[in-house]
Amino acid sequence: MSQVQRIHHFINGEFTAPPAARYFDKRSPVDGRVIAHIAEAGQAEVDAAVTAARSALKGEWGKLTTDQRVDLLYGVANEITRRFDDFVAAEMADTGQPAHVMTQVFIPRGAANFKVFADVIKNVAAESFRMATPDGKGALNYAIRNPKGVIGVISPWNAPFLLMTWKVGPALACGNTVVVKPSEETPLTATLLGEVMNAVGIPKGVYNVINGFGPDSAGAYLTQHPGVDAITFTGETRTGTAIMKAAAEGMRDVSFELGGKNAGIVFADCNFDAAVDGIFRSAFLNTGQVCLGTERVYVERPIFERFVAALKAKVESVRYGRPEDHASTYGPLISQEHRDKVLSYYKKAIDEGATLVTGGGVPEMPAELAGGSWVQPTIWTGLPETAAVVREEIFGPCCHVCPFDSEDEVINLANANDYGLATTIWTENLSRAHRVAERVEVGVTWVNSWFLRDLRTPFGGSKQSGIGREGGVHSLEFYTETRNVCIKL
Ligand SMILES: O=C(O)C(=O)/C=C/C=C/O
């Protein structure tokens, strides 16, 4: 049995925990075993991290040229790649997700998230305007971008490394420093990144990690800290509301990627097999724990029955198992607590009259895995649009499939929801694809695809799904302060 490791904070370039630190347990989602004891940050540790980040801004880091910063960020990307297997192992231990989800989807984005913003900051043009003046001599305006300062990063447990580096990459590229509070469920890759930062020579205090919970713990201390200049968060909308209230004190900017109740729209003229594969991935990848995932599927009536049968067959072919077992294609939910939430929706669906196509409960698992937070991938039909499982984000491996008869009808169905994060549309009629994509009120629409990500594109949610856009130059709006200089000629 591997030794249970102790996870400390990473502050000012050192792994640290006070002798009187309280520790909380991290349990494996796969079998429930305690796999780590994690130091819980108090106010003092958060203060120390914010102080370290502030001094780094004024120290060596703040004096680097853009090219020097870019070289260091490429160094971080290369060191992540060199330690790829360590990051895969850490994230699998934290999340229980199968190796292919880590190696093909989530971990490669760690290096990519540093490279793309190193490139952006190196190549972004500065804005300049020449103006006429009454004396005829004119004036020249030019804009300069400065780092915003100390950025508080609150990152989630569903794609821990991808989503944390999606914020730390641009933050550092723009010359900021960061204090990261990973989810208490998944601290391991954020901790490992501290080793990378030291190995590459990122000055101490630029990247800091403090562990703990949200309310009355590290998360709250960080978002309420007057030394934090801006806060970026990915997670549930109601937590976003609490963070936004905290950010109001001191008028700090926020960047949010929040919840979703994303629709999949399948027209009868789609490439059927591709649509089945695409909806299967978007609903069940990462055990449905993807903010961009599909929990509502609308299928044009002529292919509805056939589509449901095909999706059922794929769902029933998943292979549960340990992440390191390459035969596994499907992992557990992140925790027993989250499983209780998902199972409460499984019950609610039946109480509301759903037809259970497949799943709906807890799978029979071998004794050594019975302590894990496993649930069956589940499909429902037959519910009204007012049903809880059709309206509310479940964040599990489940979806409700509903037939539709017209383009207008399905656009209204897709839009009739408080969230507006992502949509995936399946049709071979590209004029229709453009028409529908333009009318669905979300931040990200995929056509005949899902979760294809060009990191230069604007990315984020509308309505209750978020504030702001990340990606390419769009991230600069949040991670820099733009200043205009006007020179009289
Ligand atoms: O692909 C991204 O940049 C991103 O933010 C993914 C989010 C997944 C959320 O569960």
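Which residues are around the ligand? In this predicted model, the residues around the ligand are Arg-109, Asn-158, Leu-162, Leu-163, Trp-166, Glu-257, Val-290, Cys-291, Leu-292, Phe-451, Arg-453 and Phe-459. Sorted by class, this shell comprises eight nonpolar residues, one polar residue and three charged residues. Helix H7, which spans residues 160-173, supplies the largest share of the shell, namely three residues.

Polar side chains of the shell approach oxygen atoms of the ligand. For Asn-158, an N or O atom of the side chain is 2.5 Å from an oxygen atom of the ligand. For Arg-109, the corresponding separation between a side-chain N or O atom and a ligand oxygen is 2.7 Å. A polar atom in the side chain of Glu-257 lies 3.2 Å from an oxygen atom of the ligand. On its own, the ligand has 300 Å² of accessible area, and 100% of this area is covered by the protein.

The site of the ligand was next related to the internal spaces of the model. Five cavities of 30 Å³ or more are present in the structure, and the ligand sits in the largest of the cavities. This largest cavity has a volume of about 120 Å³. Its lining consists of 15 residues, and those closest to the centre are Leu-162, Leu-163, Cys-291, Leu-292 and Phe-451. These five residues also belong to the set around the ligand. Helix H7 gives the most to the lining of the largest cavity, with three residues, and H7 likewise provides the largest share of the ligand shell. The lining of the largest cavity divides into 10 nonpolar, two polar and three charged residues.

The second largest cavity has a volume of about 70 Å³. It is lined by 16 residues, of which Lys-261, Arg-296, Tyr-419, Gly-420 and Val-442 are the closest to its centre. Two or more lining residues are given by each of strand S13 (262-266), helix H15 (407-415), strand S18 (419-420) and strand S19 (422-426). By class, the lining of the second largest cavity holds seven nonpolar, six polar and three charged residues.

Pockets were examined as well. The largest pocket contains about 1100 Å³ of space. Its lining is formed by 38 residues, and Glu-184, Phe-233, Glu-236, Arg-238 and Thr-239 lie nearest the centre of this pocket. The elements that contribute two or more residues to the lining are helix H9 (218-223), strand S11 (230-234), helix H10 (237-248) and helix H13 (336-351). Among these elements, H10 gives the most to the lining of the largest pocket, with five residues. The lining of the largest pocket comprises 15 nonpolar, 13 polar and 10 charged residues.

The second largest pocket has a volume of about 490 Å³. Of its 24 lining residues, Gln-5, Ile-35, Ala-89, Ala-93 and Leu-188 are the closest to the centre. Strand S1 (5-7), strand S5 (34-40), helix H4 (84-95) and helix H8 (188-200) are the elements that give two or more residues to this lining. The largest share of the lining of the second largest pocket comes from H4, which supplies five residues. Classification of this lining yields 14 nonpolar, five polar and five charged residues.

In summary, the ligand sits in the largest cavity, and 100% of its accessible area is covered by the protein. Side chains of Arg-109, Asn-158 and Glu-257 place polar atoms at the stated distances from oxygen atoms of the ligand.

Conventions. Residues are numbered from 1 along each chain as its sequence is written. This is a predicted model: local features need pLDDT of at least 70, side-chain atom pairs count only at pLDDT 80 or more; totals for chains, interfaces and linings use all residues. Side-chain values use heavy atoms; hydrogens and water are left out. A residue is near a molecule or strand if one of its heavy atoms lies within 4 Å of it. A polar contact is a pair of N or O atoms within 3.5 Å; within protein, one must be able to donate a hydrogen and the other to accept it, and residues adjacent in sequence count only if both atoms are side-chain atoms. Accessible areas come from the Shrake-Rupley method with a 1.4 Å probe; for residues, only the protein chains shown count as cover. On a 1 Å grid over the protein atoms alone, a cavity is a set of points where a 1.4 Å probe fits but cannot get out, and a pocket is an open set with protein on both sides within 12 Å along at least five of seven lines; lining residues have an atom within 4 Å of a point. A molecule sits in a cavity or pocket if more than half of its atoms lie within 2 Å of its grid points. Helices (H or I, at least four residues) and strands (E, at least two) are DSSP runs, numbered from the N terminus. Ala, Val, Leu, Ile, Met, Phe, Trp, Tyr, Cys and Pro count as nonpolar, Asp, Glu, Lys and Arg as charged, and the others, Gly among them, as polar. Grid points are joined across faces, edges and corners, and a volume is the space filled by probe spheres set on the points.
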